[in-house]
Amino acid sequence: MSGDLTLIIGASQAGVQLATSLRDLGDTAPIVLVGEENHRPYQRPPLSKGWLKGELTPEDVILRSRQWFADRNIELISGDSIVHIERDGLGGTARTAGGRLITFTRLALATGASPRKLTLPGSDLYGIYYLRDADDALTLEPHLREAEHVVVIGGGFIGLETAASSRVVGKAVTVLEHAPRLVGRVVSEDTSAFYLDAHRRRGVNVVLDARIAGIVGDDGRVTGVELEDGTVIPADIVVIGVGVLPRVELAEQLGLNVDGGIVVNEHALTSDGLTVAAGDCTIMPNPYERGSLPTVRIESVNNAVEQAKVAAATLLGRPAPYRSVPWFWSDQADVKLQIAGLSTGYDEIVLRGEPANEKFTVLYYRDGLLIAADCVNHPAEFLAIRHAISRGQTIPAAAAADTSVPLKKSVVDIAVAVAV
Ligand SMILES: Cc1cc2nc3c(=O)[nH]c(=O)nc-3n(C[C@H](O)[C@H](O)[C@H](O)COP(=O)(O)OP(=O)(O)OC[C@H]3O[C@@H](n4cnc5c(N)ncnc54)[C@H](O)[C@@H]3O)c2cc1C
(Lines give C-alpha, C1' and ligand atoms only; values in the text may rest on other atoms or scores of the structure.)
Protein backbone atom coordinates (compact mmCIF):
# COMPACT_ATOMS: atom_id res chain seq x y z
CA MET A 1 0.00 0.00 0.00
CA SER A 2 2.98 2.31 0.53
CA GLY A 3 2.88 3.78 -2.98
CA ASP A 4 -0.77 4.65 -2.64
CA LEU A 5 -1.92 8.15 -1.82
CA THR A 6 -5.47 9.33 -1.35
CA LEU A 7 -6.17 12.92 -2.34
CA ILE A 8 -9.27 14.45 -0.79
CA ILE A 9 -10.23 17.85 -2.16
CA GLY A 10 -12.28 19.98 0.22
CA ALA A 11 -11.47 20.00 3.94
CA SER A 12 -14.87 20.50 5.51
CA GLN A 13 -17.60 18.18 6.85
CA ALA A 14 -17.44 15.66 4.01
CA GLY A 15 -13.68 15.79 3.39
CA VAL A 16 -12.73 15.46 7.06
CA GLN A 17 -15.21 12.60 7.53
CA LEU A 18 -13.82 10.82 4.49
CA ALA A 19 -10.29 10.96 5.91
CA THR A 20 -11.58 9.88 9.34
CA SER A 21 -13.50 6.94 7.88
CA LEU A 22 -10.52 5.76 5.81
CA ARG A 23 -8.51 5.52 9.02
CA ASP A 24 -11.42 3.97 10.94
CA LEU A 25 -11.61 1.29 8.25
CA GLY A 26 -7.95 0.48 8.78
CA ASP A 27 -6.44 2.21 5.75
CA THR A 28 -2.84 3.22 6.44
CA ALA A 29 -1.87 4.77 3.07
CA PRO A 30 -0.97 8.48 3.06
CA ILE A 31 -3.87 10.91 2.85
CA VAL A 32 -3.57 14.49 1.62
CA LEU A 33 -6.54 16.66 2.50
CA VAL A 34 -6.56 19.98 0.65
CA GLY A 35 -8.80 22.87 1.64
CA GLU A 36 -8.65 26.27 0.03
CA GLU A 37 -9.85 28.14 3.10
CA ASN A 38 -7.21 29.66 5.29
CA HIS A 39 -8.63 28.07 8.44
CA ARG A 40 -8.48 24.74 10.16
CA PRO A 41 -11.52 22.66 9.17
CA TYR A 42 -14.55 23.98 11.02
CA GLN A 43 -18.32 23.60 11.27
CA ARG A 44 -20.46 25.96 9.20
CA PRO A 45 -23.79 25.73 11.10
CA PRO A 46 -22.70 27.98 14.00
CA LEU A 47 -21.77 30.80 11.59
CA SER A 48 -25.38 31.98 11.22
CA LYS A 49 -26.26 31.17 14.83
CA GLY A 50 -23.90 31.60 17.80
CA TRP A 51 -21.21 33.31 15.73
CA LEU A 52 -23.37 36.23 14.61
CA LYS A 53 -24.65 36.60 18.16
CA GLY A 54 -21.06 37.05 19.32
CA GLU A 55 -21.20 33.93 21.51
CA LEU A 56 -18.40 31.92 19.89
CA THR A 57 -14.68 32.09 19.23
CA PRO A 58 -12.98 30.40 16.24
CA GLU A 59 -11.86 27.59 18.61
CA ASP A 60 -15.50 26.72 19.31
CA VAL A 61 -16.25 25.83 15.69
CA ILE A 62 -13.12 23.81 14.87
CA LEU A 63 -13.83 20.26 13.67
CA ARG A 64 -10.44 18.68 14.50
CA SER A 65 -7.14 19.98 15.84
CA ARG A 66 -3.94 19.99 13.76
CA GLN A 67 -2.57 17.37 16.15
CA TRP A 68 -5.51 15.11 15.44
CA PHE A 69 -4.62 15.10 11.74
CA ALA A 70 -0.91 14.61 12.47
CA ASP A 71 -1.65 11.66 14.79
CA ARG A 72 -3.45 9.91 11.96
CA ASN A 73 -0.88 10.64 9.28
CA ILE A 74 -3.31 12.88 7.41
CA GLU A 75 -1.52 15.75 5.74
CA LEU A 76 -3.73 18.79 5.94
CA ILE A 77 -3.04 21.56 3.44
CA SER A 78 -5.05 24.70 4.26
CA GLY A 79 -5.14 27.95 2.32
CA ASP A 80 -4.32 26.38 -1.04
CA SER A 81 -6.69 25.06 -3.68
CA ILE A 82 -6.49 22.46 -6.41
CA VAL A 83 -6.67 24.37 -9.67
CA HIS A 84 -5.78 21.65 -12.13
CA ILE A 85 -6.42 17.93 -12.06
CA GLU A 86 -6.10 15.09 -14.52
CA ARG A 87 -6.42 11.34 -14.48
CA ASP A 88 -3.76 9.07 -15.89
CA GLY A 89 -4.97 5.48 -15.90
CA LEU A 90 -6.07 4.53 -12.40
CA GLY A 91 -4.30 7.43 -10.68
CA GLY A 92 -3.62 11.02 -11.60
CA THR A 93 -2.01 14.34 -10.79
CA ALA A 94 -3.30 17.52 -9.23
CA ARG A 95 -1.72 20.97 -9.01
CA THR A 96 -2.45 23.53 -6.33
CA ALA A 97 -2.66 27.29 -6.84
CA GLY A 98 0.55 27.47 -4.79
CA GLY A 99 2.32 25.28 -7.36
CA ARG A 100 2.47 21.99 -5.46
CA LEU A 101 2.08 18.80 -7.53
CA ILE A 102 0.28 15.88 -5.91
CA THR A 103 0.30 12.44 -7.49
CA PHE A 104 -2.59 10.33 -6.28
CA THR A 105 -3.85 6.79 -6.64
CA ARG A 106 -7.29 7.49 -5.14
CA LEU A 107 -9.33 10.63 -5.47
CA ALA A 108 -12.27 12.08 -3.54
CA LEU A 109 -14.10 15.32 -4.31
CA ALA A 110 -15.72 17.05 -1.33
CA THR A 111 -15.81 20.52 -2.82
CA GLY A 112 -19.14 21.66 -1.34
CA ALA A 113 -21.08 24.61 -2.66
CA SER A 114 -20.84 28.37 -2.96
CA PRO A 115 -23.55 30.99 -2.54
CA ARG A 116 -25.74 31.85 -5.49
CA LYS A 117 -25.02 35.49 -6.29
CA LEU A 118 -27.82 37.91 -6.90
CA THR A 119 -27.39 40.42 -9.68
CA LEU A 120 -29.51 43.41 -8.85
CA PRO A 121 -29.08 47.08 -9.61
CA GLY A 122 -26.79 48.28 -6.80
CA SER A 123 -25.19 44.86 -6.21
CA ASP A 124 -21.74 46.44 -6.22
CA LEU A 125 -22.45 48.79 -3.30
CA TYR A 126 -20.43 48.49 -0.10
CA GLY A 127 -22.35 46.73 2.67
CA ILE A 128 -23.69 43.66 0.85
CA TYR A 129 -22.73 40.28 2.32
CA TYR A 130 -23.15 36.55 1.76
CA LEU A 131 -22.71 33.92 4.47
CA ARG A 132 -21.13 30.64 3.48
CA ASP A 133 -17.75 30.43 5.13
CA ALA A 134 -15.69 31.63 8.06
CA ASP A 135 -14.24 34.56 6.13
CA ASP A 136 -17.77 35.69 5.28
CA ALA A 137 -18.71 35.46 8.96
CA LEU A 138 -15.55 37.25 10.10
CA THR A 139 -16.28 40.06 7.62
CA LEU A 140 -19.98 40.30 8.36
CA GLU A 141 -19.96 40.14 12.16
CA PRO A 142 -18.28 43.51 12.91
CA HIS A 143 -20.44 45.27 10.30
CA LEU A 144 -23.52 43.68 11.81
CA ARG A 145 -22.46 44.90 15.24
CA GLU A 146 -22.28 48.50 13.97
CA ALA A 147 -25.44 48.39 11.85
CA GLU A 148 -28.83 49.59 12.97
CA HIS A 149 -30.94 48.36 10.05
CA VAL A 150 -30.36 44.95 8.51
CA VAL A 151 -32.13 43.65 5.42
CA VAL A 152 -31.92 39.94 4.68
CA ILE A 153 -32.78 38.87 1.15
CA GLY A 154 -34.07 35.29 1.17
CA GLY A 155 -36.38 33.55 3.64
CA GLY A 156 -34.72 30.11 3.59
CA PHE A 157 -32.87 28.60 6.54
CA ILE A 158 -29.67 30.66 6.24
CA GLY A 159 -31.61 33.89 5.73
CA LEU A 160 -33.94 33.23 8.67
CA GLU A 161 -31.14 32.17 11.00
CA THR A 162 -29.22 35.31 10.08
CA ALA A 163 -32.33 37.43 10.62
CA ALA A 164 -33.03 35.81 13.99
CA SER A 165 -29.44 36.23 15.21
CA SER A 166 -29.39 39.86 14.05
CA ARG A 167 -32.62 40.52 15.93
CA VAL A 168 -31.26 38.87 19.09
CA VAL A 169 -28.38 41.38 19.05
CA GLY A 170 -30.87 44.23 18.80
CA LYS A 171 -31.00 45.16 15.12
CA ALA A 172 -34.03 46.34 13.17
CA VAL A 173 -34.38 43.44 10.74
CA THR A 174 -36.40 42.98 7.55
CA VAL A 175 -36.56 39.72 5.62
CA LEU A 176 -37.51 39.95 1.95
CA GLU A 177 -38.80 36.68 0.52
CA HIS A 178 -39.77 36.42 -3.13
CA ALA A 179 -42.11 33.43 -2.58
CA PRO A 180 -45.52 33.59 -0.87
CA ARG A 181 -44.19 31.73 2.19
CA LEU A 182 -40.99 31.14 4.18
CA VAL A 183 -38.80 28.04 3.61
CA GLY A 184 -41.43 26.94 1.12
CA ARG A 185 -39.17 24.48 -0.70
CA VAL A 186 -38.71 22.31 2.39
CA VAL A 187 -41.60 22.52 4.86
CA SER A 188 -45.41 22.45 4.88
CA GLU A 189 -47.62 25.52 4.94
CA ASP A 190 -48.19 24.99 8.68
CA THR A 191 -44.48 25.17 9.44
CA SER A 192 -44.03 28.15 7.10
CA ALA A 193 -46.93 29.98 8.75
CA PHE A 194 -45.47 29.26 12.18
CA TYR A 195 -42.12 30.77 11.17
CA LEU A 196 -43.80 33.86 9.79
CA ASP A 197 -45.58 34.41 13.12
CA ALA A 198 -42.56 33.46 15.23
CA HIS A 199 -40.28 35.96 13.48
CA ARG A 200 -42.90 38.69 13.53
CA ARG A 201 -43.52 38.08 17.24
CA ARG A 202 -39.81 38.65 17.80
CA GLY A 203 -39.96 41.93 15.92
CA VAL A 204 -38.63 40.89 12.51
CA ASN A 205 -40.37 42.62 9.61
CA VAL A 206 -41.09 39.88 7.04
CA VAL A 207 -42.20 40.80 3.52
CA LEU A 208 -43.50 37.90 1.43
CA ASP A 209 -43.96 38.06 -2.35
CA ALA A 210 -41.24 40.72 -2.22
CA ARG A 211 -40.31 42.15 -5.61
CA ILE A 212 -36.97 43.86 -5.33
CA ALA A 213 -36.18 46.65 -7.79
CA GLY A 214 -32.64 47.15 -6.55
CA ILE A 215 -30.30 48.01 -3.73
CA VAL A 216 -29.90 51.73 -3.24
CA GLY A 217 -27.02 53.65 -1.73
CA ASP A 218 -25.28 56.87 -1.08
CA ASP A 219 -21.63 57.58 -1.70
CA GLY A 220 -21.02 53.94 -2.67
CA ARG A 221 -22.58 52.55 0.54
CA VAL A 222 -25.85 50.69 0.94
CA THR A 223 -28.68 52.75 2.42
CA GLY A 224 -31.68 50.61 1.56
CA VAL A 225 -33.46 48.07 -0.60
CA GLU A 226 -36.08 49.36 -3.01
CA LEU A 227 -39.14 47.30 -3.87
CA GLU A 228 -40.91 47.53 -7.23
CA ASP A 229 -43.78 49.45 -5.61
CA GLY A 230 -41.31 52.20 -4.71
CA THR A 231 -41.02 51.36 -0.99
CA VAL A 232 -37.47 51.75 0.28
CA ILE A 233 -36.53 49.63 3.30
CA PRO A 234 -33.64 51.22 5.16
CA ALA A 235 -30.50 49.11 5.40
CA ASP A 236 -27.00 49.71 6.73
CA ILE A 237 -26.13 46.21 5.59
CA VAL A 238 -27.79 43.67 3.29
CA VAL A 239 -27.23 39.94 3.74
CA ILE A 240 -28.15 37.74 0.81
CA GLY A 241 -29.12 34.10 1.31
CA VAL A 242 -30.74 32.80 -1.85
CA GLY A 243 -29.31 29.31 -2.09
CA VAL A 244 -26.08 27.72 -3.20
CA LEU A 245 -24.55 26.20 -6.30
CA PRO A 246 -22.55 22.97 -6.07
CA ARG A 247 -18.85 23.37 -6.86
CA VAL A 248 -18.29 21.21 -9.91
CA GLU A 249 -15.27 22.89 -11.58
CA LEU A 250 -12.85 20.03 -10.90
CA ALA A 251 -15.42 17.38 -11.79
CA GLU A 252 -15.83 19.14 -15.13
CA GLN A 253 -12.06 19.21 -15.66
CA LEU A 254 -12.07 15.46 -15.11
CA GLY A 255 -14.91 15.02 -17.62
CA LEU A 256 -17.25 13.56 -14.98
CA ASN A 257 -21.02 13.66 -15.37
CA VAL A 258 -22.39 16.84 -13.85
CA ASP A 259 -26.10 17.59 -13.73
CA GLY A 260 -26.98 20.09 -11.02
CA GLY A 261 -24.17 18.58 -8.94
CA ILE A 262 -21.51 15.91 -9.39
CA VAL A 263 -23.48 12.82 -10.38
CA VAL A 264 -22.72 9.86 -8.11
CA ASN A 265 -24.27 6.44 -7.66
CA GLU A 266 -25.40 4.84 -4.39
CA HIS A 267 -21.75 4.07 -3.59
CA ALA A 268 -20.76 7.75 -3.94
CA LEU A 269 -18.90 6.80 -7.11
CA THR A 270 -18.75 9.27 -9.99
CA SER A 271 -19.18 8.48 -13.68
CA ASP A 272 -15.51 7.51 -14.23
CA GLY A 273 -15.95 4.55 -11.87
CA LEU A 274 -12.86 5.58 -9.87
CA THR A 275 -13.39 9.00 -8.28
CA VAL A 276 -15.73 9.32 -5.33
CA ALA A 277 -17.58 12.47 -4.28
CA ALA A 278 -19.56 13.36 -1.17
CA GLY A 279 -21.49 16.19 0.45
CA ASP A 280 -23.08 19.35 -0.90
CA CYS A 281 -21.33 19.00 -4.28
CA THR A 282 -23.15 15.79 -5.23
CA ILE A 283 -26.44 14.78 -6.77
CA MET A 284 -27.28 11.18 -5.93
CA PRO A 285 -29.89 8.45 -6.01
CA ASN A 286 -32.28 9.16 -3.14
CA PRO A 287 -30.74 7.37 -0.12
CA TYR A 288 -34.06 7.50 1.72
CA GLU A 289 -36.17 4.46 1.01
CA ARG A 290 -39.39 6.39 1.80
CA GLY A 291 -38.30 9.29 -0.45
CA SER A 292 -40.35 10.07 -3.55
CA LEU A 293 -37.74 11.76 -5.75
CA PRO A 294 -35.38 9.50 -7.74
CA THR A 295 -32.37 11.76 -7.23
CA VAL A 296 -31.61 14.38 -4.60
CA ARG A 297 -29.05 16.96 -3.60
CA ILE A 298 -29.08 17.30 0.17
CA GLU A 299 -27.33 20.22 1.85
CA SER A 300 -26.83 19.09 5.43
CA VAL A 301 -24.15 18.06 7.85
CA ASN A 302 -25.83 14.69 8.29
CA ASN A 303 -25.67 13.96 4.56
CA ALA A 304 -22.08 15.15 4.18
CA VAL A 305 -21.00 12.85 7.02
CA GLU A 306 -23.00 9.77 6.04
CA GLN A 307 -22.21 9.98 2.33
CA ALA A 308 -18.51 10.47 3.12
CA LYS A 309 -18.52 7.21 5.11
CA VAL A 310 -19.95 5.45 2.06
CA ALA A 311 -17.35 7.09 -0.21
CA ALA A 312 -14.49 5.94 2.04
CA ALA A 313 -15.70 2.33 1.96
CA THR A 314 -15.97 2.51 -1.83
CA LEU A 315 -12.40 3.81 -2.15
CA LEU A 316 -11.20 0.80 -0.16
CA GLY A 317 -13.03 -1.63 -2.43
CA ARG A 318 -15.70 -2.42 0.15
CA PRO A 319 -18.75 -0.70 -1.34
CA ALA A 320 -21.97 -0.62 0.65
CA PRO A 321 -24.98 1.25 -0.71
CA TYR A 322 -25.89 4.59 0.86
CA ARG A 323 -29.14 4.17 2.80
CA SER A 324 -30.12 6.83 5.26
CA VAL A 325 -32.95 8.58 7.03
CA PRO A 326 -31.94 12.19 6.36
CA TRP A 327 -32.16 14.64 9.23
CA PHE A 328 -31.51 18.33 9.60
CA TRP A 329 -31.78 21.08 12.17
CA SER A 330 -32.14 24.85 12.15
CA ASP A 331 -31.88 27.15 15.17
CA GLN A 332 -33.58 30.52 14.80
CA ALA A 333 -33.25 32.56 18.01
CA ASP A 334 -34.77 30.28 20.68
CA VAL A 335 -36.73 28.18 18.17
CA LYS A 336 -35.21 24.81 17.34
CA LEU A 337 -36.46 22.96 14.28
CA GLN A 338 -35.47 19.34 13.71
CA ILE A 339 -36.52 17.58 10.54
CA ALA A 340 -36.50 13.80 10.09
CA GLY A 341 -36.96 12.26 6.64
CA LEU A 342 -37.84 14.05 3.39
CA SER A 343 -41.39 15.34 3.05
CA THR A 344 -41.48 15.78 -0.75
CA GLY A 345 -44.50 14.03 -2.21
CA TYR A 346 -46.61 13.91 0.96
CA ASP A 347 -50.39 13.57 0.61
CA GLU A 348 -51.46 13.91 4.26
CA ILE A 349 -50.36 15.94 7.23
CA VAL A 350 -50.98 15.61 10.95
CA LEU A 351 -50.40 18.68 13.08
CA ARG A 352 -49.62 17.63 16.63
CA GLY A 353 -49.57 20.31 19.29
CA GLU A 354 -50.19 23.99 19.05
CA PRO A 355 -47.92 26.21 16.88
CA ALA A 356 -48.95 29.25 18.96
CA ASN A 357 -47.20 27.61 21.94
CA GLU A 358 -44.04 27.24 19.84
CA LYS A 359 -43.89 23.51 20.56
CA PHE A 360 -45.42 21.21 17.96
CA THR A 361 -44.74 18.56 15.33
CA VAL A 362 -45.93 18.27 11.75
CA LEU A 363 -45.98 14.67 10.53
CA TYR A 364 -46.02 13.98 6.79
CA TYR A 365 -47.56 10.85 5.25
CA ARG A 366 -47.67 9.35 1.78
CA ASP A 367 -50.13 6.52 1.10
CA GLY A 368 -50.63 6.23 4.85
CA LEU A 369 -46.90 5.80 5.61
CA LEU A 370 -45.01 8.26 7.80
CA ILE A 371 -42.27 9.79 5.61
CA ALA A 372 -41.08 12.87 7.51
CA ALA A 373 -41.66 15.26 10.38
CA ASP A 374 -40.85 18.85 11.33
CA CYS A 375 -40.41 19.04 15.11
CA VAL A 376 -40.38 22.52 16.61
CA ASN A 377 -38.88 22.71 20.09
CA HIS A 378 -39.69 19.03 20.50
CA PRO A 379 -36.51 16.92 20.56
CA ALA A 380 -38.28 13.94 22.18
CA GLU A 381 -40.75 13.65 19.29
CA PHE A 382 -37.95 14.14 16.77
CA LEU A 383 -36.01 11.23 18.29
CA ALA A 384 -39.10 9.00 18.47
CA ILE A 385 -39.88 9.64 14.79
CA ARG A 386 -36.31 9.31 13.56
CA HIS A 387 -35.84 6.04 15.43
CA ALA A 388 -39.18 4.69 14.24
CA ILE A 389 -38.39 5.40 10.58
CA SER A 390 -34.83 4.04 10.95
CA ARG A 391 -36.21 0.78 12.33
CA GLY A 392 -38.68 0.46 9.44
CA GLN A 393 -41.64 1.41 11.65
CA THR A 394 -44.37 4.00 11.36
CA ILE A 395 -46.88 5.94 13.46
CA PRO A 396 -50.46 5.72 12.17
CA ALA A 397 -51.87 9.18 11.44
CA ALA A 398 -54.87 8.72 13.75
CA ALA A 399 -52.60 7.78 16.67
CA ALA A 400 -50.22 10.67 15.92
CA ALA A 401 -53.11 13.13 16.18
CA ASP A 402 -53.83 12.06 19.78
CA THR A 403 -51.63 14.38 21.84
CA SER A 404 -52.64 12.64 25.08
CA VAL A 405 -50.43 9.67 24.09
CA PRO A 406 -46.64 10.14 23.80
CA LEU A 407 -45.57 9.58 20.19
CA LYS A 408 -43.12 6.85 21.04
CA LYS A 409 -46.01 4.77 22.43
CA SER A 410 -47.77 4.91 19.05
CA VAL A 411 -44.90 3.46 17.03
CA VAL A 412 -45.89 0.26 15.23
CA ASP A 413 -44.41 -2.04 12.62
CA ILE A 414 -45.55 -1.19 9.12
CA ALA A 415 -47.34 -4.54 8.75
CA VAL A 416 -49.44 -3.70 11.83
CA ALA A 417 -50.30 -0.26 10.48
CA VAL A 418 -51.44 -1.72 7.15
CA ALA A 419 -53.64 -4.30 8.91
CA VAL A 420 -55.38 -1.63 11.05
C1 LIG B 1 -24.24 29.51 7.59
C2 LIG B 1 -24.59 28.06 7.41
C3 LIG B 1 -25.40 27.42 8.34
C4 LIG B 1 -25.73 26.07 8.19
N5 LIG B 1 -26.51 25.47 9.11
C6 LIG B 1 -26.79 24.16 9.01
C7 LIG B 1 -27.56 23.50 10.00
O8 LIG B 1 -28.04 24.10 10.95
N9 LIG B 1 -27.77 22.16 9.86
C10 LIG B 1 -27.26 21.43 8.81
O11 LIG B 1 -27.45 20.22 8.74
N12 LIG B 1 -26.53 22.05 7.84
C13 LIG B 1 -26.29 23.37 7.92
N14 LIG B 1 -25.55 24.00 6.95
C15 LIG B 1 -25.11 23.23 5.79
C16 LIG B 1 -23.83 22.45 6.07
O17 LIG B 1 -22.88 23.27 6.68
C18 LIG B 1 -23.31 21.89 4.76
O19 LIG B 1 -24.28 21.00 4.25
C20 LIG B 1 -21.98 21.16 4.97
O21 LIG B 1 -20.99 22.07 5.36
C22 LIG B 1 -21.56 20.48 3.66
O23 LIG B 1 -20.28 19.97 3.83
P24 LIG B 1 -19.33 19.71 2.57
O25 LIG B 1 -18.04 19.22 3.13
O26 LIG B 1 -20.04 18.88 1.58
O27 LIG B 1 -19.15 21.11 1.85
P28 LIG B 1 -18.56 22.49 2.39
O29 LIG B 1 -18.80 22.61 3.84
O30 LIG B 1 -19.05 23.54 1.47
O31 LIG B 1 -16.98 22.34 2.17
C32 LIG B 1 -16.37 22.24 0.93
C33 LIG B 1 -14.96 22.73 1.07
O34 LIG B 1 -14.24 22.47 -0.14
C35 LIG B 1 -13.38 23.55 -0.42
N36 LIG B 1 -13.00 23.52 -1.82
C37 LIG B 1 -13.80 23.65 -2.91
N38 LIG B 1 -13.07 23.56 -4.04
C39 LIG B 1 -11.79 23.37 -3.67
C40 LIG B 1 -10.57 23.22 -4.40
N41 LIG B 1 -10.54 23.24 -5.73
N42 LIG B 1 -9.42 23.05 -3.70
C43 LIG B 1 -9.44 23.01 -2.33
N44 LIG B 1 -10.57 23.16 -1.60
C45 LIG B 1 -11.73 23.34 -2.26
C46 LIG B 1 -14.24 24.75 -0.02
O47 LIG B 1 -13.46 25.90 0.18
C48 LIG B 1 -14.87 24.24 1.27
O49 LIG B 1 -14.08 24.53 2.40
C50 LIG B 1 -25.22 25.36 7.07
C51 LIG B 1 -24.42 26.00 6.12
C52 LIG B 1 -24.10 27.33 6.30
C53 LIG B 1 -23.24 28.02 5.26
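**View 1. The hairpin of strands E22 and E23 in the predicted model.** In this predicted model, strand E22 and strand E23 (residues 335-341) run antiparallel and are joined by 6 bridges. Within this pairing, Asp331 has Lys336 of E23 as its bridge partner. The two strands form a hairpin with 2 residues between them, and in the turn Ala333 adopts a positive phi of about 50 degrees. Strand E22 (327-332) is also among the elements that give two or more residues to the shell around the ligand.

**View 2. The ligand and its polar contacts.** The ligand is surrounded by 34 residues, of which Ser12, Glu37, Arg44, Lys49 and Arg132 are the closest. An N or O atom in the side chain of Arg44 is 2.6 Å from an oxygen atom of the ligand, and a polar side-chain atom of Arg132 lies 2.7 Å from a ligand oxygen atom. Ala14 contributes through its backbone, where an N or O atom lies 2.9 Å from an oxygen atom of the ligand. Of the 1,000 Å² of accessible area that the ligand has on its own, the protein covers 96%.

**View 3. The elements and domains that make up the shell around the ligand.** Two or more residues of the shell come from each of helix H1 (13-24), strand E2 (31-35), helix H5 (157-168), helix H8 (301-315) and strand E22 (327-332). By residue class, the shell around the ligand divides into 14 nonpolar, 10 polar and 10 charged residues. Because domain 1 (6-114 + 244-315) and domain 2 (117-240) both give residues to this shell, the ligand lies between them.

**View 4. The open parallel sheet of five strands.** In this sheet 5 strands follow one another in the order E9-E16-E10-E11-E12, and their pairing is parallel. Strand E9 (128-130) and strand E12 (205-207) are the edge strands, each of which pairs on one side only. On average, and with direction ignored, neighbouring strands of the sheet are turned by 20 degrees against each other. Strands of a sheet pair through backbone hydrogen bonds, in either a parallel or an antiparallel arrangement.

**View 5. The pairing of strand E11 with the edge strand E12.** Strand E11 (residues 172-176) pairs with E12 in the parallel sense over 3 bridges, and Leu176 stands opposite Val207 in E12. Strand E12 (205-207) is an edge strand of the sheet, and in the strand order E11 stands between E10 and E12.

How values were computed. Residues numbered from 1 in each chain as written. Predicted model: local features only at pLDDT ≥ 70, side-chain atom pairs only at ≥ 80, totals over all residues. Heavy atoms only, no water. Pairing = 2+ DSSP bridges. Helix = DSSP H or I, 4+ residues; strand = E, 2+ residues; numbered from the N terminus. Axes fitted to C-alpha atoms, helices over the stretch in contact; angles between N-to-C directions. Near = heavy atom within 4 Å. Polar contact = N/O pair within 3.5 Å; in protein donor to acceptor, adjacent residues only side chain to side chain. Areas by Shrake-Rupley, 256 points an atom, 1.4 Å probe, with all protein chains shown as cover. Nonpolar A, V, L, I, M, F, W, Y, C, P; charged D, E, K, R; others polar. Domains from an automatic or database assignment.
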